Amino acid sequence: MTTVMKSVDAVIVGMGWTGAIMAKELTDAGLHVVVLERGPDRDTQPDFSYPRVVDELEGSVHRRYLQSLSRETVTIRHGVNDVAVPYRQMGSFKPGTGVGGAGSHWSGCHFRALPEDLRLRSNIEQRYGRSFIPEGMTIQDFPVTYDELEPHFDHFEYVCGTSGKAGVLNGQQVAGGNPFEGSRTREFPLPPNRNYLGAEMFYKAANEMGYHAYPIPASNTSDAYTNPYGCQMGPCNFCGFCSDYGCLNYSKASPNVNILPVLRRRKEFELRVNAQVLKVNLDSDRKRATGVTYLDASGQEVEQPASLVLLCAFSLYNVHLMLVSGIGTPYDPVSNTGTVGRNYSYQNLNRIDLFFDKDVQANRFVGIGGGGAVFDDLNGNQLDNAKAGFVGGGVIWARQPGGGPVRGIKTPEGVPNWGSAWKRGVRDVFRHSFYYEVQGACMSYRDSYLDLDPTYKDGFGRPLLRMTFNWHDDEIKAAQFLVGKAKEMCAVLNPKSMAVESKKPGSKYNVTQYQSTHTCGGAIMGENPGNSPLNRYLQSWDVHNVFVPGANAFPQNNGYNPTGMVGALTYWSAKAIRNQYLKNPGPLVQA
């Protein structure tokens, strides 16, 4: 028997970054908000406390802070004629679970999109003509501009205590930052983090190549900080436990540290954990959501009525909830109709490890998730795409988020994978090596999409989400080009040897190997309901009281990590809800 709860103003699905931002903004507006989180409650104390959290076996092998794939996962295939199989072990990407979501175990890289990233299709057509865009590539402009998002980029950086250096302030270039970025209205809240040896050498090599290196914007604090909400952070101690772990030192921005301390004290805010949302409930004409149905911690079915429904889960599961709830029309790649599931994209990540003699003390066990150095000379409008031969760009960066023996130690070619020779190889390189990464954009295509699997079901009886995705020629060309530039730069440093991980012609997407958690698209924002399930305010075109913030809204992915953009878009959407929707509930954009 289903228990029906008292109706509330808003119900939020998921307590990661987007859920926390929406809960803060809506309770600021006086709304009674219920948040349903499928995982357990988590906070710095006791969940991320020392020494409990610095356990490589528990964090990076047993995946304590990640979603359990035994009850809910996705199926994956390369092409529309292939049979999809379930994602049974964490590999390519790492969805979070519990309070904080992926925002508790992320690294901390915190970029803004470039202005040209937000008008990608128009920019490419104006620079090179429509024919430059390959057949089947479905890239679109975002229906919002950099100037509209700038205040929200800024606010999210100040909420997170982001460390960095501005390159363009109020239209004027300033030394030390990214000279190609969109103009900022003020400096970062904190100065850049200190460099490790690999980053110092990156600056040397980049400068010799004529590139404009700058500090990676990092939501890992370089000093003590109190954010606009009164939440306190401590300076990072470079412990090397960022990626896969919650921060033990209140130094890495997360919903747990930067927003929840305020929310937990509010009577308008109610958090229910171990609450698995099954579907969004719709009224008889399917034009309005009436709430959600979920299973509580005891496995009992509960209905939570609400005036507003906000899907703030991990991007893939926002799309899944829309599909199983019948919100919008599912995408069909054959007829090229429908929008929910369309334009799935990912991140084009490649890597070069550099090995040196023992006089180079790199100490790669020391680390900071978002710290390091990067340049944009091969990104955005700095890159001549016609000459390079592909759409999109990317960044090359030096980053050292920490490494240890359980997480894996990269060794040079010729070192065996076991035995005494392996031990000698590890001893020779562990303190004397570091790596640089090449992170590129990933375009969207007609045959890259999300839908419901016809065969497999989750532990709750729903069809699993099916991902159809593979690398296309554009991404392989980009990887070859960018890695080639990175190799030229690395040669300046005269390493003893290098190990290059890069896509080659014919490379297939490998779901068993971690690449990034930057899954994007599937429920994208657009100018009209013919090309998107969400409007420019992340509101469903079909069900006006449903909003869906997250990386699912990206029409394609750029060369940066998506978190800064996700936060800015969520604040943008929240402003529209508060200033427009609550005063006159209904569509914010006329179809």
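How many of the 19 residues of α14 are buried? In this predicted model, 15 of them are buried, so helix α14 is largely enclosed by the rest of the structure. The helix spans residues 563-581 and reaches 25 Å from its first C-alpha to its last, close to the 27 Å expected at 1.5 Å a residue. Nonpolar side chains tend to be buried together in soluble globular proteins. The largest nonpolar core of the model has 106 residues, and those with the most contacts inside this core are Leu310 and Leu316. Helix α14 provides the largest share of the core, 10 residues. A second, separate core of 32 residues includes Tyr196, Ile352, Phe375 and Ala388.

Leucine 316 belongs to the residues with the most contacts inside the largest core. Apart from its neighbours within four places in sequence, leucine 316 is in contact with Val74, Phe93, Tyr344, Leu450, Leu465, Met467 and Thr519. Helix α10 (residues 315-325) lies across β4, β19 and β20, and runs at about 125° to β20. These three strands belong to an open sheet of 4 strands with mixed pairing, in the order β5-β4-β20-β19. The edges are occupied by β5 (85-86) and β19 (449-457); each has a single partner strand, so one side of each is left without a neighbour in the sheet. Within the sheet, β4 (residues 74-77) and β20 (residues 463-468) pair in the parallel sense over 4 bridges. In this pairing, arginine 77 stands opposite threonine 468 of β20.

An open sheet of 6 strands, with antiparallel pairing, follows the order β8-β16-β17-β18-β15-β21. Its edge strands are β8 (214-215) and β21 (497-501), each with a single partner strand, so one side of each is left without a neighbour in the sheet. Strand β15 (residues 348-355) pairs with β21 in the antiparallel sense over 5 bridges, and leucine 354 has methionine 498 in β21 as its bridge partner.

Helix α13 (residues 473-491) lies across β15, β16 (372-375), β17 (394-399), β18 (433-440) and β21, at about 25° to β15. This helix has 19 residues and reaches 27 Å from its first C-alpha to its last, close to the 27 Å expected at 1.5 Å a residue. Its buried residues are Asp474, Glu475, Ile476, Ala478, Ala479, Leu482, Val483, Ala486, Met489 and Cys490. They pack against helix α7 (197-209) as well as strands β15, β16, β17, β18 and β21.

A further antiparallel pair is formed by β12 (residues 276-282) and β13 (residues 289-295), joined by 6 bridges. Glutamine 276 stands opposite leucine 295 in β13. The two strands form a hairpin with 6 residues between them, and arginine 286 in the turn has a positive phi of about 60°. Of the 7 residues of β12, 6 are buried, so this strand is largely enclosed by the rest of the structure.

Two successive residues of helix α11 (residues 385-388), asparagine 385 and alanine 386, contrast in accessibility. Asparagine 385 counts as buried because its relative accessibility is 2%, under the 20% limit. Alanine 386, with a relative accessible area of 44%, is partly exposed. The side chain of asparagine 385 reaches the backbone oxygen of phenylalanine 390 at 2.9 Å. Neighbours within four places in sequence aside, asparagine 385 is in contact with Ile124, Arg127, Tyr128, Phe132, Gly380, Phe390, Val391 and Gly392. On the same basis, alanine 386 is in contact with Tyr128 and Phe132. Alanine 386 and arginine 127 are 259 residues apart in sequence, yet their C-alpha atoms are 8.9 Å apart in space.

Backbone geometry also marks several sites. The peptide bond from glutamine 45 to proline 46 is cis, with omega near 5°, and proline 46 lies in helix α2 (residues 44-47). The bond from tyrosine 50 to proline 51 is also cis, with omega near 5°; proline 51 is found in the loop between α2 and α3 (56-61). In the loop between β10 (232-233) and α8 (255-258), phenylalanine 238 has a positive phi of about 60° although it is not a glycine. Phenylalanine 238 is buried, with a relative accessible area of 15%. Aspartate 244, placed in the loop between β10 and α8, has a positive phi of about 90° without being a glycine. At 7% relative accessibility, aspartate 244 counts as buried.

Conventions. Residues are numbered from 1 along each chain as its sequence is written. This is a predicted model: local features need pLDDT of at least 70, side-chain atom pairs count only at pLDDT 80 or more; totals for chains, interfaces and linings use all residues. Side-chain values use heavy atoms; hydrogens and water are left out. Two strands pair if DSSP finds at least two bridges between them. Contact means heavy atoms within 4.5 Å. Axes are lines fitted to C-alpha atoms, for helices over the stretch in contact, and angles run from 0 to 180 degrees between N-to-C directions. Buried means under 20% relative accessible area, exposed over 50%, partly exposed in between (1.4 Å probe, protein chains only). The expected span of a helix is 1.5 Å times one less than its number of residues. A polar contact is a pair of N or O atoms within 3.5 Å; within protein, one must be able to donate a hydrogen and the other to accept it, and residues adjacent in sequence count only if both atoms are side-chain atoms. A nonpolar core is a set of buried Ala, Val, Leu, Ile, Met, Phe, Trp, Tyr and Cys residues joined through side-chain atoms within 4.5 Å.
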